[in-house]
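User: I would like a close look at a single part of this model, with the side-chain pairing worked through step by step. Please keep it plain.

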Amino acid sequence: MAAGTNLDLLTEQVKRFHPQLVSVATQELARELATRLNGERVAIAHVSKVRLPSQLIPTPRSLCRRWSAAMGLQPTLAAIKAGKDIAFANKEVLVIAGELITAAVRQHRVQLLPVDSEHNAIFQCLEGRGRESLKRIILTASGGPFRELPAERFASITIEQALKHPTWKMGSKITIDSATLMNRGWK
């Protein structure tokens, strides 16, 4: 399990699910978590130390990952090379290094399993069908704060406007990436 900085939720989940390994964002948070989990049998790491998840936990066949952006590239590749199937809970690593990841998946004969909603929907639609049956995929976007904005007004969009997503509270970076479609890897 990995939690970034949310120690309250991670503490609760460790006590409920008893994972072998958990990871947090910093060494200071790892120390704080160890104090909170005194008596729990769990290895605690922080992101800068988690290099090869497959070596830290050699037994599972699959790894569900949700590392942000490039932070997840090295651990994902290490898990693939160790023969682990990868269940992706977000798409950032595929956006920045899709060719590299898919080549490693083919070489090591593991599976990429989409957990993220849009990708899982496509996966389910294609399940049991050959690639030759696919003509094209149309992936829509929610539109965020600019859904109804005419294209000619896009040049004057401010950061403040982009941060006002009508539905989600995702933090500044993810909100901007969503509003600009950077999280889709589109130009």
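Which side chains meet in a salt bridge at 3.0 Å, N to O? Please start there and then describe what surrounds that pair.

Analyst: The model is predicted, and everything below should be read with that in mind.

The side chains in question are those of E32 and R36, which meet in a salt bridge with an N to O distance of 3.0 Å. Both residues sit in helix α2, and because they are 4 residues apart there, about one helical turn separates them. E32 has a relative accessibility of 35%; the band for partly exposed residues runs between 20% and 50%, so E32 counts as partly exposed. R36 comes out at 32% relative accessibility and therefore also counts as partly exposed.

R36 has another partner. It forms a salt bridge with D8, and here the closest N and O atoms are 2.7 Å apart. This pair links distant parts of the chain, since R36 belongs to helix α2 (residues 27-36) and D8 to helix α1, with their positions 28 residues apart. D8 has a relative accessible area of 55%, which is over 50%, so D8 is exposed. The structure holds 2 salt bridges. Through the partner they share, D8, E32 and R36 are joined into one network.

R36 also appears in the surroundings of T11. T11 is found in helix α1, which covers residues 7-17. Leaving aside residues up to four places away in sequence, T11 touches L33, R36 and L37. The relative accessibility of T11 is 10%, and because buried means under 20%, T11 counts as buried. Helix α1 thus carries both the exposed D8 and the buried T11, and R36 is a salt-bridge partner of D8 as well as a contact of T11.

Next comes the loop that leads on from helix α1. H18 lies in the loop between α1 and β2, a strand spanning 21-24. Its phi is positive, at about 55°, although H18 is not a glycine. With a relative accessible area of 51%, H18 is exposed, because the cut-off is over 50%.

A positive phi turns up again further along the chain. R109 has a phi of about 50° and is not a glycine either. This residue is in the loop between α5 and β6, the latter spanning 112-114. R109 has 74% relative accessibility, so R109 counts as exposed.

Helix α5 itself packs against another helix. Helix α4 (residues 73-81) and helix α5 (residues 92-108) have axes 10 Å apart and an angle of about 10° between them. Angles under 35 degrees count as roughly parallel, so α4 is roughly parallel to α5. The crossing of the two is right-handed. On the α4 side the contact is made by L73, T76, L77, I80 and K81, and on the α5 side by V93, A97, L100, I101, A104, V105 and H108. Sorted by class, the residues in this contact are 9 nonpolar, 2 polar and 1 charged.

To return to the starting point, R36 pairs with E32 at 3.0 Å and with D8 at 2.7 Å, and the three form one network.

Definitions and conventions: Residues are numbered from 1 along each chain as its sequence is written. This is a predicted model: local features need pLDDT of at least 70, side-chain atom pairs count only at pLDDT 80 or more; totals for chains, interfaces and linings use all residues. Side-chain values use heavy atoms; hydrogens and water are left out. Axes are lines fitted to C-alpha atoms, for helices over the stretch in contact, and angles run from 0 to 180 degrees between N-to-C directions. Angles under 35 degrees count as roughly parallel, over 145 as roughly antiparallel, 65 to 115 as roughly perpendicular and the rest as oblique. A crossing is left-handed if the near helix is turned anticlockwise from the far one by less than a right angle, and right-handed if clockwise. Contact means heavy atoms within 4.5 Å. Ala, Val, Leu, Ile, Met, Phe, Trp, Tyr, Cys and Pro count as nonpolar, Asp, Glu, Lys and Arg as charged, and the others, Gly among them, as polar. Buried means under 20% relative accessible area, exposed over 50%, partly exposed in between (1.4 Å probe, protein chains only). A salt bridge is a side-chain nitrogen of Lys or Arg within 4 Å of a carboxyl oxygen of Asp or Glu.
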